[in-house]
Amino acid sequence: MAVATAAAILAALGGVLWLAARRFVGSNVQRLHQGGDSGLMRGKTVLITGANSGLGRATAAELLRLGARVIMGCRDRERAEEAAGQLRREVCPAGGPDSEPNSGGAGELVVKELDLASLSSVRSFCQEMLQEEPRLDVLINNAGVFQCPYMKTEDGFEMQFGVNHLGHFLLTNLLLGLLKSSAPSRIVVVSSKLYKYGDINFEDLNSEQSYNKSFCYSRSKLANILFTRELARRLEGTNVTVNVLHPGIARTNLGRHIHIPLLVRPLFNLVSWAFFKTPEEGAQTSIYLASSPEVEGVSGRYFGDWKEEELLPKAMDESVARKLWDISEVMVGILK
Ligand SMILES: NC(=O)C1=CN([C@@H]2O[C@H](COP(=O)(O)OP(=O)(O)OC[C@H]3O[C@@H](n4cnc5c(N)ncnc54)[C@H](OP(=O)(O)O)[C@@H]3O)[C@@H](O)[C@H]2O)C=CC1
Ligand SMILES: CC1=C(/C=C/C(C)=C/C=C/C(C)=C/C=O)C(C)(C)CCC1
């Protein structure tokens, strides 16, 4: 009995050590900017949606470090101010909690309220942006909802399609003038490899006939890609580029709607800790597309781990992309 218990303890310890080794030694994702590029983004204004958590927060930290003025577009001011305070302390540890992190060459952080599940919030946010910001060099459409139960946005859209696609669609359209007048400028769209399991079923975009949370997430991420490709076509010759990426699987708050029984939660935590990317690793392709001189002038492409990747034909279908654009214009009320 004692031997069996000892063997079980040893096996468990061995497993934990193996996972830890894999986490610390096995990570093959390097950081794009290893400290030599500070100031690369100085003078540039970057807007990141959903910057208080996960990949958005990690993207904000790095672009702040590189000298950018980072606007955090977040739905909850309290959560956003808390994240901003932490970021200021992380990026400029010498400064006090209320100081701006500019002493070490870092940029500045600004919090603005933006709820992508409300078209009126998107409109007021953009009005404030146009009044207060003389330029916008990079827009990062990062915020997202993953596999939530059936819910509707303030305007009656299915939540995942409404936030991940339509909210960002309106936001981008209302900020296009500012992006054009700040050119060369960039738009970065955070999608997911899971787009592969989605389809744009134009007959039921609000999933009123049937709702499958995985399918709806995938559809919203396919919409992100079709939107990027159609926008790239419309922006030809303007010096405003738009590219889309998948970050890989990263350990963030995205899985908040996945129900895991309390007893097995530690196991899931361990597995995600061992095998998922950290938010910093997951953010590297967003940072790359937002800041690297390598992608200057590149538009309409799909990236993962800093490299261009191929898309399935359904994500390159120009007629579906145009139809989605036209319907989205009607849904958000910007049809001229
Ligand atoms: N993590 C991963 O493995 C993967 C992530 N992605 C994509 O990466 C992006 C970032 O997600 P990630 O960092 O992982 O997840 P998090 O849940 O950590 O971050 C999502 C962010 O989006 C914000 N958000 C959600 N709803 C709204 C809304 N209505 N208005 C404004 N902001 C909103 C959240 O705000 P709040 O904190 O207030 O809820 C949060 O700041 C998403 O687009 C996601 O689809 C793609 C593939 C894999
Ligand atoms: C991190 C984490 C979880 C898992 C999250 C997952 C699995 C997210 C997957 C996101 C994907 C694949 C998005 C693609 O676009 C749990 C198990 C909920 C709880 C423990 C912490």
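In this predicted model, Arg186 of strand 5 is the bridge partner of Val138, a residue of strand 4, which covers residues 138-141 and pairs with strand 5 in the parallel sense over four bridges. A second contact of this kind links Ile140 to its bridge partner in strand 5, Val188. Between these two strands the chain passes through helix 5, and strand 4, helix 5 and strand 5 together make a right-handed β-α-β unit. The chain then crosses from strand 5 through helix 6 (residues 213-234) to strand 6, and this β-α-β crossover is right-handed as well.

**The sheet**

The wider setting is an open sheet of eight strands, in the order 3-2-1-4-5-6-7-8, with mixed pairing. Strand 3 (108-113) and strand 8 (307-308) stand at the edges with a single partner strand each, so one side of each is left without a neighbour in the sheet. In general, the strands of a sheet pair through backbone hydrogen bonds, either parallel or antiparallel.

On one side, strand 4 is joined to strand 1 by three bridges, and the two strands run parallel; here Val46 has Val138 as its bridge partner in strand 4. Further along the order, strand 5 (residues 185-190) pairs with strand 6 (residues 240-246) in the parallel sense over six bridges. Within that pairing, Val188 stands opposite Asn243 of strand 6, while Val189 has Val244 as its bridge partner there. Val188 therefore appears in two pairings, as the bridge partner of Ile140 and as the residue opposite Asn243.

Which way do the side chains of strand 5 point, and are they buried or exposed? Ser185, Ile187 and Val189 point one way, Arg186, Val188 and Val190 point the other way, and all are buried. Because six of the six residues of strand 5 are buried, this strand is largely enclosed by the rest of the structure. Strand 4 follows a similar alternation, with Val138 and Ile140 pointing one way, Leu139 and Asn141 pointing the other way, and all of them buried.

**The two crossover helices**

The helices that carry the chain between these strands can be set side by side.

| Helix | Residues in helix | End-to-end C-alpha distance | Expected span | Buried residues |
|---|---|---|---|---|
| Helix 5 | 23 | 32 Å | 33 Å | 17 of 23 |
| Helix 6 | 22 | 31 Å | 32 Å | 17 of 22 |

For helix 5 (residues 159-181), a rise of 1.5 Å a residue should give a span of 33 Å, and the 32 Å between its end C-alpha atoms agrees with this. Helix 5 nevertheless bends by about 45° at Leu175. Helix 6 reaches 31 Å from its first C-alpha to its last, close to the 32 Å expected at 1.5 Å a residue. Both helices are mostly covered.

**The ligand surroundings**

Ligand 1 is surrounded by 31 residues, and the closest are Gly50, Gly54, Ala143, Gly144 and Thr252. The largest share of this shell, three residues, comes from helix 2 (residues 54-65). By class, the shell around ligand 1 has 14 nonpolar, 13 polar and four charged residues.

Around ligand 2 the residues are Phe146, Ser192, Leu194, Ile249, Arg251, Leu254, Gly255, Ile258, Ile260, Phe268, Asn269 and Ser272. This shell has seven nonpolar, four polar and one charged residues. Leu194, one of the residues around ligand 2, is placed in the loop between strand 5 and helix 6. Leu194 has 19 C-beta neighbours inside 10 Å, and as a residue needs 20 or more to be buried, Leu194 counts as partly exposed. The C-alpha atoms of Leu194 and Gly248 are separated by 9.9 Å, although these residues are 54 apart along the chain.

**A residue in another loop**

Where does Arg42 lie? Arg42 is found in the loop between helix 1 (2-25) and strand 1 (45-49). With 14 other C-beta atoms within 10 Å, Arg42 is partly exposed. From Arg42 to Glu310 the distance is 33 Å, C-alpha to C-alpha, and the two are 268 residues apart in sequence.

Definitions and conventions
Residues are numbered from 1 along each chain as its sequence is written. Chains are lettered from A and ligands numbered from 1 in the order in which they are written. This is a predicted model: local features need pLDDT of at least 70, side-chain atom pairs count only at pLDDT 80 or more; totals for chains, interfaces and linings use all residues. The expected span of a helix is 1.5 Å times one less than its number of residues. The bend at a residue is the angle between axes fitted to the seven residues ending there and the seven starting there. A residue is buried if 20 or more other C-beta atoms lie within 10 Å of its own, exposed if 12 or fewer, and partly exposed in between; C-beta atoms are placed from the backbone. A residue is near a molecule or strand if its C-beta atom, placed from the backbone, lies within 6 Å of it. Ala, Val, Leu, Ile, Met, Phe, Trp, Tyr, Cys and Pro count as nonpolar, Asp, Glu, Lys and Arg as charged, and the others, Gly among them, as polar. Two strands pair if DSSP finds at least two bridges between them. A crossover is right-handed if, with the strands pointing away from the viewer, the path from the first strand over the helix to the second runs clockwise.
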